[in-house]
Structures are given as C-alpha cells and as structure tokens.
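Trainee: Could you take me through one part of this model closely, setting it in the context of the whole chain before you turn to the detail? I would like to see how a single helix and its surroundings are put together.

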Amino acid sequence: MSQSKRVLVTGAAGMLGSQVLLSAPDGVQVIGTDLAEAAGVQEVGVDLADERQVGELFERVGELSGVIHTAAYTAVDLAEEQEELALRVNGTACGVIAAAAKAAGVPQVIVGTDFVFDGESGEAYREDDEPNPISAYGRTKLAGERAALEVYPEATRIVRTQWLYGPRGKHFPGTMLSLAKERDELKVVDDQRGSPTSTLELAPALWDVLELGDQAIYHAACEGDCTWFGLASETLAAAGVQGVKIEPCSTDEFPRPARRPVHSVLDCGRLTQLRGRPLASWQEALRTYLGSE
Ligand SMILES: NC(=O)c1ccc[n+]([C@@H]2O[C@H](COP(=O)([O-])OP(=O)(O)OC[C@H]3O[C@@H](n4cnc5c(N)ncnc54)[C@H](OP(=O)(O)O)[C@@H]3O)[C@@H](O)[C@H]2O)c1
C-alpha cells in the first residue's frame, strides 16, 4: 500500500486486531479502535453497533483509505444465551460500519468465521459453498456477512478464518501450555478437524486483501489440518514440554453449550491465487509463534 494511506482497524485491542496493527505495511497510518484501552488503540470506547458513535468516529478520524473490521462478540458458548447481544455486535455493527465505509467511499475487509458452516460435508469448504450455521455465534457472524454485503456489495471483502491463536489474547495453544504446568495428563478432543491459524500469518493476508482483493469472500487459514488433540500434541512437542501425557477423547466427553462444526477445513484457493502463495503450514506457523513468545 502506498505512502500516506490511513486505515481504520476495529477490534484493535483483540487477539487478531492487535496483530493487524503491528503488521501494517510501511507508510500506512493505522487508527485503531476498540472498547478497551490497549497499545496502539487511539479510539477507545466506541461501540460499533451504535450508528451515531460510528458516524462521529468516522468524522473524527477524517479521510481514510480503508477499513479492516476485526471487532466481534467472540464468546462462542455464552452466545447461546446472549444471542441478541451477539447479533448486535456481529450482525448490526457490520451493517453500520459498511454504511460508514460506503459513505467514505473506501474498501472494507470484514473478518468472518468457519462457524458459518455446519461441518457436515466432510470436504474443505469453498468460498461460495452454502453456509448453514449450527450455533448462535455462527448465525450472528453470518448475519454480519450478509448485512455488509447488502449495504456495500461494491467494496466489501469477507475473510473467513478459524482456530486462531497469536501473541495476544486467550487461545488453545496457550491454554494447553498453562494446563501442562499444572497437570501430568490432559484429555483433548480428537473428533473435530480444522486448521490452526496464527494471527502472525493472517494479519498480513488481511492487508493484502484490502489492497489487492476483489469484492468477494476469501477463506484464510494455515495450510493443512488436524484435530484439537493433534494441535495440543504438536504444541507441547514444539515447546519442548516433557512428561505430560495427552489422551484423545470425543466431543461427547466435553459437552459445551455451543455445537462446533465437526469438519470445518477451509479451501483457501482464492486467497492463494490472490497472493501467489498459501499461508504457512499450521505446524510451521505454530513453531514460529512459539519462537516469538
Ligand atoms: N478467535 C478465533 O479462533 C476466531 C476464529 C474465526 C474467526 N474469528 C473472528 O476473528 C475476529 C477477531 O477475533 P479475536 O479472536 O481477535 O477476537 P477478540 O480477541 O475477542 O477481539 C475482538 C475485539 O472486539 C471488541 N468488541 C466487542 N464488542 C464490540 C463493540 N460493540 N464495539 C467495538 N468493539 C467491540 C472486543 O472488546 P472486549 O474484549 O472489550 O469485548 C475485543 O477487543 C472476529 O471477527 C472473530 O469473529 C476468530
């Protein structure tokens, strides 16, 4: 992206948004916004589902060249009992931001999720496959995709991703490493497949989609796939943790309020074509992340 561009990044205090700030291309001025204060977040306390607040935000920040929207209600299990709130943040806010981006005449990237799929197909999901969410979180995120595309079809890029982890925030590899300090045996679900994706890999891809992408849906995940058990095993091995036994178990042994897609591997062909290369393999990305800690 060329000199003197200014991009608004929402969810800038979050796991992904914080990395998007750090990965901004040279010469791009980033304005981070979030509810919470954190490094690099200039616009604190702006509720993105509130049309008036978003209108005032866009006025304050002045001329922009793009928006990367990562903010979301991400408590997947709690969303089952708070679907209205989740819908406000994941659905309504996408429409509000799309309207503001449209009024500003700038392209936007909206971050989506594999949870829009039911995980029943057994094959990697392509960008244009029919969604069929099986959780409240998935329904609200799909509502957000649809709101953004309805309001601003001419310049909206949706980037669906999955199984995120990174230097900031709470995530599965971090939880496994903490548990391994307290226990000598861990039981981990071995009947759900996906692609663990590092924010260190995903964030630069979002910048490329903003700069080079078309108004389309992209899938963005690290190459290859595994189960949570596979990810736990690789995490402990790569971190050099010894003496902790990991046992595979079934989803039924760990009942959670929200259903998860069983096989939610994403076909990332469109993004690979755009960038000329796929994201790193999940194992390589995991080792890079662990080395950066
Ligand atoms: N994590 C994953 O595995 C995963 C997988 C697939 C897709 N995604 C998507 O990737 C994106 C980033 O996820 P993440 O894991 O980085 O999430 P995160 O760490 O929870 O960050 C989301 C940020 O959005 C903020 N936010 C919530 N409601 C808001 C509102 N009404 N107005 C303004 N900001 C608000 C949150 O603030 P508070 O913390 O103060 O509420 C938080 O800082 C999301 O769109 C998510 O749906 C994540």
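Mentor: The secondary structure of the protein chain comes to nine helices and 13 strands, where helices (H or I, at least four residues) and strands (E, at least two) are DSSP runs numbered from the N terminus. The radius of gyration is 19 Å, close to the 19 Å that the globule rule gives for 293 residues, so the chain is as compact as a globular protein of that length; the radius is taken over C-alpha atoms, and the rule is 2.2 Å times the number of residues to the power 0.38. This is a predicted model, in which local features need pLDDT of at least 70 and side-chain atom pairs count only at pLDDT 80 or more, while totals for chains, interfaces and linings use all residues. Residues are numbered from 1 along each chain as its sequence is written.

Of the 293 residues, 45% count as buried; a residue is buried if 20 or more other C-beta atoms, placed from the backbone, lie within 10 Å of its own, exposed if 12 or fewer, and partly exposed in between. Residues 24 or more positions apart account for 79% of the contacts with a separation of 6 or more, two residues being in contact if their C-beta atoms, placed from the backbone, lie within 7 Å.

The part to look at closely is helix H7, which spans residues 228-238 and has Trp228, Leu231, Ala232, Thr235 and Leu236 as its buried residues. Seen down the axis of H7, these residues fall within an arc of 125°, so they line one face of the helix; the arc is that of the directions from the helix axis to the C-beta atoms. The buried residues of H7 pack against helix H5 (172-182), strand E8 (185-189), strand E12 (226-227), strand E13 and helix H9 (282-292). After the helix comes Gly240, whose phi is positive, near 75°.

Two of these partners can be followed further. In strand E13, which covers residues 245-249, lies Lys245, and this lysine counts as exposed because it has 9 C-beta neighbours inside 10 Å. Leaving aside neighbours within four places in sequence, Lys245 is in contact with Asp184 and Glu185, whereas its C-alpha atom is separated by 40 Å from that of Asp34, 211 residues apart along the chain.

In helix H9 one finds Tyr289, which is buried, with 22 other C-beta atoms within 10 Å. Beyond its neighbours within four places in sequence, Tyr289 is in contact with Tyr165, Gly166, Ser198 and Leu200; the C-alpha atoms of Tyr289 and Tyr165, 124 residues apart along the chain, are separated by 8.8 Å. Trp163 lies in the loop between strand E6 (156-161) and strand E7 (164-165), and is buried, with 24 other C-beta atoms within 10 Å. Its phi is near 45°, a positive value in a residue other than glycine.

For the wider setting, the largest nonpolar core has 82 residues, and those with the most contacts inside it are Ile97, Leu206 and Ala220; such a core is a set of buried Ala, Val, Leu, Ile, Met, Phe, Trp, Tyr and Cys residues joined through C-beta atoms within 7 Å. Helix H3 (residues 83-104) gives the most to this core, with ten residues. Outside its neighbours within four places in sequence, Leu206 is in contact with Val20, Ile68, Val109 and Val159.
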